[in-house]
Amino acid sequence: MVLSLITGVWSLATPISGGPDEPAHIIKAAAVVRGQVAGPAAEGGTSVNVPAYISHTNSQACFAYAVTVTADCAVAIRSDGDRTVTSVTTAGLYNPLYYALVGWPSLIFTTVSGVYAMRFVSGILCSLFLALAFMIISTWHRRTLPLLGFAAALTPMVFFLDAVMNPNALEITATLAAFVGMLGIVKYPSESQLFLRSMIVLVSASVAANMRGISPLWVAIALLVPLILSNSSQIQQLMRCRPVQITVFGVALSTVAALLWTLLSNSLGTAQTSSTSPVAGSSVSASPLRGFARIFAGTFDYGQGYVGVFGWLDTPAPPAVFFVWSFFIGSLVVAACVALRGRLLVFAISLFTCLTLLPPTLQAIYVTRGGIIWQGRYALPLFVCLMVGLAAALSDQLPRLETRTVGRFIRVIATLWFASELYAFINTLKRYSVGLGGNGASWKRMLLDPNWNPPGGTLLIAATFAAICGVAALFISTGPRRAMVRSHRRSPSGQV
């Protein structure tokens, strides 16, 4: 519930068409639920027939790439009843599963409320998979650090993407749920939990694999890397379990379906030409070595996309937010390098290597035909798995500390998480309401006299987000501490 509320407030605070390529995804969703899975080719994408108010979202992104331009530049979307028009979407060849899941509100509404409703549905689905991951972690024996790793995985960028129309969001959250489920099966075996965890892996992996053309690769990593923690006899024993067999068959079937759609639709081949990003397709026909070197050299720059580069990738989070998440990420990575040994170290290195080397490798493969197209958010499925994976690996290896010391540490983490989430949110709200860097772009004006107001107004939206985020931070503080107290009761030394 709390995760859905955070995402819902982000949805209200972000103007229509305020997410990356969001108009294309809105139009695609409305078309898919009307039976147009893939329309005919047209200039700039594919042609589909959708309600007029859905088509009007194409003209709403007048503020994209210009942080001094506020969202009031967009003309209000008119309600034309059931009138249908021909429109063009650059997402016309993408896998239809995400759009079928989130597009149905457009069949009910005939005003801009339909767009917000589709956003809410998308956010609820994403939050559902996050809740499943949280539920599985909560069943682990030593879950204090994994729960903190889960919180570190929920960056402002994850919530922002969950709040707008983009299959990247469901790809991230479903991949994380599949990874956590698999990690639970392998690292924390439980006969009573095996069926539930297997079914969560089956549903999550099947959904994640059918989000984007590259999604099957992320799913394969999420399911295979945890097996490093098992030996061959343990894997054979798992494969004799009926729930695991059903999961393997189901995930294989859904992955084949995803790959067939990508190959037959050629959606990856058209991704570059259909993108509206001003940087997409640069360095076309460059050598693979140049493509690899450029993305690898920009690892830390692209890493900002894991934390927060909002809007049409034109509004980075404030430096303080990057500082806090650099602390979270750096602490886990350094601790893993120092404390982990054996299979756990190989597991951690594998996750980190995938996150750092796969993006430049994929770009090297694609650069000759499509140019430099990589964005940091594309690797977010790997990033969230890394955060939870490192925390889970470290949970049994770090020195046992006094309960009071660990409790203080948890409170500090929860406070930093809350402050960073809130700062990133209100800074983005300010960007749309009064702009960033221009004359009159003050915090006072944002709250009292903004150029653009989200539904409910900037003051109410900011206060609501602060309250909900505060409740989430309280969960972060009390959840791990309750787990710590239970562990303390089992430990005669009074340490955890």
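## Exercises on a predicted model

Ser477 lies in helix α21, which spans residues 458-490. The model is predicted.

**Exercise 1. Decide whether Ser477 is buried or exposed, and find its contacts beyond its sequence neighbours.**

Step 1. Take the relative accessible area of Ser477: 9%.
Step 2. Apply the cut-off. Buried means under 20%.
Step 3. Ser477 is therefore buried.
Step 4. Set aside neighbours within four places in sequence. Ser477 is then in contact with Ile410, Arg411 and Ala414.

**Exercise 2. Do the same for Ala13, then give its C-alpha separation from Val244.**

Step 1. Place the residue. Ala13 belongs to helix α1, residues 2-13.
Step 2. Ala13 has 4% relative accessibility, so it counts as buried.
Step 3. List what Ala13 touches, not counting residues up to four places away in sequence. The partners are Phe425, Leu429, Tyr432, Trp452, Pro454 and Ile461.
Step 4. Turn to Val244. Ala13 and Val244 are 231 residues apart along the chain, and their C-alpha atoms are separated by 42 Å.

**Exercise 3. Work out the strand order of the open sheet and say which strands stand at its edges.**

Step 1. Start with β1 and β2. They run antiparallel and are joined by 2 bridges. Ala42 stands opposite Gly45 in β2.
Step 2. Look at the link between these strands. β1 and β2 form a hairpin with 2 residues between them. Gly44, in the turn, has a positive phi of about 90 degrees.
Step 3. Go on to β2 (residues 45-51) and β3. This pair is also antiparallel, with 6 bridges. Val48 faces Ser87 in β3 across the pairing, and Pro51 stands opposite Thr84 in β3.
Step 4. Assemble the sheet. It is open, has 3 strands, and follows the order β1-β2-β3 with antiparallel pairing.
Step 5. β1 (41-42) and β3 each have a single partner strand, so they stand at the edges, and one side of each is left without a neighbour in the sheet.

**Exercise 4. Sort the side chains of β3 by face, and check the cover of β2.**

Step 1. Recall the rule. In a regular strand the side chains alternate between the two faces of the sheet.
Step 2. Apply it to β3, residues 84-89. Val85, Ser87 and Thr89 point to one face and are buried.
Step 3. Thr84, Thr86 and Val88 point to the other face and are not buried.
Step 4. Check β2. It is mostly covered, with 6 of its 7 residues buried.

**Exercise 5. Count the cavities of 30 Å³ or more and describe the lining of the largest cavity.**

Step 1. The count is 1 cavity of 30 Å³ or more. The largest cavity has a volume of about 60 Å³.
Step 2. Name the lining. It is made up of Ile295, Thr299, Tyr302, Tyr306, Leu355, Thr356, Pro359, Pro360 and Trp374.
Step 3. Assign helices. α15 (299-307) and α17 (342-370) each supply at least two lining residues. α17 gives the most, with 4.
Step 4. Sort by class. The lining has 7 nonpolar, 2 polar and no charged residues.

**Exercise 6. Identify the members of the largest nonpolar core that touch the most other members, and follow Val180 outward.**

Step 1. The largest nonpolar core holds 147 residues.
Step 2. Ile6, Trp10, Ile54, Val180, Trp374 and Trp417 touch the most other members.
Step 3. Pick Val180. Leaving aside neighbours within four places in sequence, Val180 is in contact with Ala133, Ile136, Ile137, Trp140 and Val388.
Step 4. Pick Trp374. This core residue also lines the largest cavity.

Note on methods. Residues are numbered from 1 along each chain as its sequence is written. This is a predicted model: local features need pLDDT of at least 70, side-chain atom pairs count only at pLDDT 80 or more; totals for chains, interfaces and linings use all residues. Side-chain values use heavy atoms; hydrogens and water are left out. On a 1 Å grid over the protein atoms alone, a cavity is a set of points where a 1.4 Å probe fits but cannot get out, and a pocket is an open set with protein on both sides within 12 Å along at least five of seven lines; lining residues have an atom within 4 Å of a point. Grid points are joined across faces, edges and corners, and a volume is the space filled by probe spheres set on the points. Ala, Val, Leu, Ile, Met, Phe, Trp, Tyr, Cys and Pro count as nonpolar, Asp, Glu, Lys and Arg as charged, and the others, Gly among them, as polar. Buried means under 20% relative accessible area, exposed over 50%, partly exposed in between (1.4 Å probe, protein chains only). Two strands pair if DSSP finds at least two bridges between them. Contact means heavy atoms within 4.5 Å. A nonpolar core is a set of buried Ala, Val, Leu, Ile, Met, Phe, Trp, Tyr and Cys residues joined through side-chain atoms within 4.5 Å.
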